[in-house]
Structure formats: C-alpha cells, structure tokens
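Let's walk through this protein together, one charged pair and one enclosed space at a time. Have the sequence and the 3D view ready as you read.

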Amino acid sequence: MATGSEYTEEQLNYYRICCITTDELTDGLRTIFKQEWDNRYATTLGEWKDEAKNGQDFKNGESPRNQASNRELLATMINGNRAEWDCSMLFYAILYSDCIGRGLNVVVRSNIDDLRKFRYQDFAHLPRGQISEPKFQSAITKLQGVFQALGLSTVKIQEIRNQANFSISHLNKTLKEVDKLKQEVKVLEEQLQRTVTSEALHLDLNEGAIHLTFPPDTVAEPTDIMVYKWKYGACLPQLTEHEAVVSNVIEISAAPEVGGLKFNSEVKLVLSHSAAGLEGYEVVLKRLIDKEKNQWEETAGCDDIRQVSGNDFYPV
C-alpha cells in the first residue's frame, strides 16, 4: 500500500488525477454510451446489455465508410462488451459514429468533447510524477463540471480527490495505462523527420497516403521538421450533425530543438480521403488555429487532385 507519508502532496495529486482519468472518465463514457443507445434503440434493437448481439447491431448501423476507416476499433467493439472498450472506441462511438454521433444532443456532444480534449490534450501533456495543487484543483473542478453537466455522479471523483492511500497493484496498473496514453499521443501512429533545405523536397507517408512538397527556398536555412499522423480521436475538430472526418489528421511542426516554424513559400499537401464520389457533401480541409480552445478554420485554395492537370507526381 502506497501511503501519503511516502509521497509529497504533488505526487499524490498526480496519482489521483491518473486514477480519475483512466478509471472514472472511462466509466463515465461507458455510461453515456449506454444511455444514448437505449434512448434510441431500446424499443427496436433492444437495450444495450454488453452482449455480442449489441456489438453486431452497432456495427451494422455504421456506414461502409465508417466501417472501413474504423476497422481496428470495430474488431473489438463488435463483441459488445463496453468493459473491453478503451477511450478511443468510446469517443468514436459517442461522437463520430452513425449510430450515436449523428443527431447527438449539442450539450452532450460539447461535454463529451471536453472530456476528449482533457484526456488527449490536457492530461496527456501533464509533467510525469507530480502536479501542483492549483493545477490539480483546476483539473478536478473541470472534470466535476463536465460530469455534472452530463448527469454523471461525481462521488468517486470526490473520493479519489481526497484519497491518501493507493494499493501498489492498482497504482502500477494505472501508471501503465498512463504510459500507454502518453505513448499514443507522443508517437501517434506514424512520424517522419526530415530536413528541409533551399532545394525542393517531396515527402511521402505511404501508409497514410500523405504527400508533401516543399518548393525551392521554402526556408531561409536548413530546418528539421516532424510530420505526424495523429491517432484517430486524439485531435479532431468538433463536428456538427452532418459532418464527418474522412481523412487522416496530420501535424507539421518543427523538431523540438528548432522552435518555431516559418515557410517562405506555399507548401503543397495532398491527403487521400474516403469520401470520393459522395453526393450531396463537400470535402473541405481544416487547420487547427488554437490548440487550447480546439478551434479550427477552413483552408482556402484546396483542389481535387484528380481534376488538376500535371498531377503525375502524386499517386491517387
């Protein structure tokens, strides 16, 4: 048993927030998913009972596009047991699925998205090992506010908030989950590091079907850049009822030792997507302009590469 006498208050704060994020946040998402499912399908497909039939019904309700782009998540979700679903699966099911995400109440959507941002942005980037009292209290207040807005109990959060003893086995299990999350967010799914010079450069992340072209003199001096393909759900714009993410989300940033990143000329980006030929919808490209507030804006000047002449350089 790890006791308060063995750790500083800042260390205990870290363990407390880890337990809340890995346990209570996930349980809260499982509760909301069941509520939303039962509200929609209790009289038709039946209440969600964590059975294989439930999982199959969920998958059957997803469009071919969603089934294809979320194949790995659905391989586990089809079993129907929410206890086996991690946060990536739960955020997909609630926010982005056809079964639940379409038509989701705007208040529920906003608060669930706040939990997503807390997990993948706020919590994932906390310094490991200790949290100051002001930051801890701020995080707890934020989580309690979201839980209350969703009608979820905050009793467990309050208990952990004041907890001074942790079993070693539970603590080790929790910290392993934290390490897993940080690895997901840090490494993402794929990354590429290159040096951009005054000469033209073309980069490919083949598995993600991502292509980047840097014209001559894009940078004033050789610059190391990182290109990441984000794990699904870790960084997404808030979607409205008739919107869906149909491509990878990528990040282009300077290597840590470089600092800021500035281009002197237009960098061309080509992304494949799964909405080709989708009638009645428009494909747009958005970029993140405020990470703290998760604000995105539409990027002008985008073209369908198939309709642009001289595109032999890019596989389509």
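**Charged pairs and a closed cavity**

Arg16 is buried, its relative accessible area being 5%. Keep in mind as you look at Arg16 that this is a predicted model. Which partner does Arg16 have in a salt bridge? The partner is Glu9, and the closest N and O atoms of this pair are 2.7 Å apart. Glu9 has a relative accessible area of 40%, so Glu9 counts as partly exposed. The bridge between Arg16 and Glu9 therefore pairs a buried arginine with a partly exposed glutamate.

Now move along to helix H1, which covers residues 9–41 and holds both Arg40 and Glu36. These two side chains meet in a salt bridge, with 2.6 Å from N to O. Along the helix they sit four residues apart, about one turn. Is Glu36 buried or exposed? Glu36 is buried, with a relative accessible area of 11%, whereas Arg40, at 26% relative accessibility, is partly exposed. Here the acidic partner, Glu36, is the buried one, and the basic partner, Arg40, is partly exposed.

Helix H2, residues 52–60, offers another pair to look at. Asp57 forms a salt bridge with Lys53, and their closest N and O atoms are 2.6 Å apart. How many residues separate Asp57 and Lys53 in helix H2? They are four residues apart, which means that about one helical turn lies between them. Asp57 counts as buried at 13% relative accessibility, while Lys53 is partly exposed at 47%. Elsewhere, Asp113, Asp114, Arg116 and Lys117 are joined into one network by salt bridges that share partners. Across the whole structure, a search finds eleven salt bridges.

Let's turn from the charged pairs to the empty space inside. Rolling a probe the size of a water molecule over the atoms shows where empty space is left. In this model there are two cavities of 30 Å³ or more, and the largest cavity contains about 80 Å³ of space. Its lining is made up of 14 residues, of which Leu95, Tyr96, Ser97, Arg102 and Glu243 are the closest to the centre.

Where does the lining of the largest cavity come from? Helix H3 (64–69) and helix H5 (87–96) each contribute at least two residues to it. What is the chemical make-up of this lining? Six of its residues are charged, four are polar and four are nonpolar. To see the cavity for yourself, centre your view on Leu95, Tyr96, Ser97, Arg102 and Glu243.

Conventions: Residues are numbered from 1 along each chain as its sequence is written. This is a predicted model: local features need pLDDT of at least 70, side-chain atom pairs count only at pLDDT 80 or more; totals for chains, interfaces and linings use all residues. Side-chain values use heavy atoms; hydrogens and water are left out. On a 1 Å grid over the protein atoms alone, a cavity is a set of points where a 1.4 Å probe fits but cannot get out, and a pocket is an open set with protein on both sides within 12 Å along at least five of seven lines; lining residues have an atom within 4 Å of a point. Grid points are joined across faces, edges and corners, and a volume is the space filled by probe spheres set on the points. Ala, Val, Leu, Ile, Met, Phe, Trp, Tyr, Cys and Pro count as nonpolar, Asp, Glu, Lys and Arg as charged, and the others, Gly among them, as polar. A salt bridge is a side-chain nitrogen of Lys or Arg within 4 Å of a carboxyl oxygen of Asp or Glu. Buried means under 20% relative accessible area, exposed over 50%, partly exposed in between (1.4 Å probe, protein chains only).
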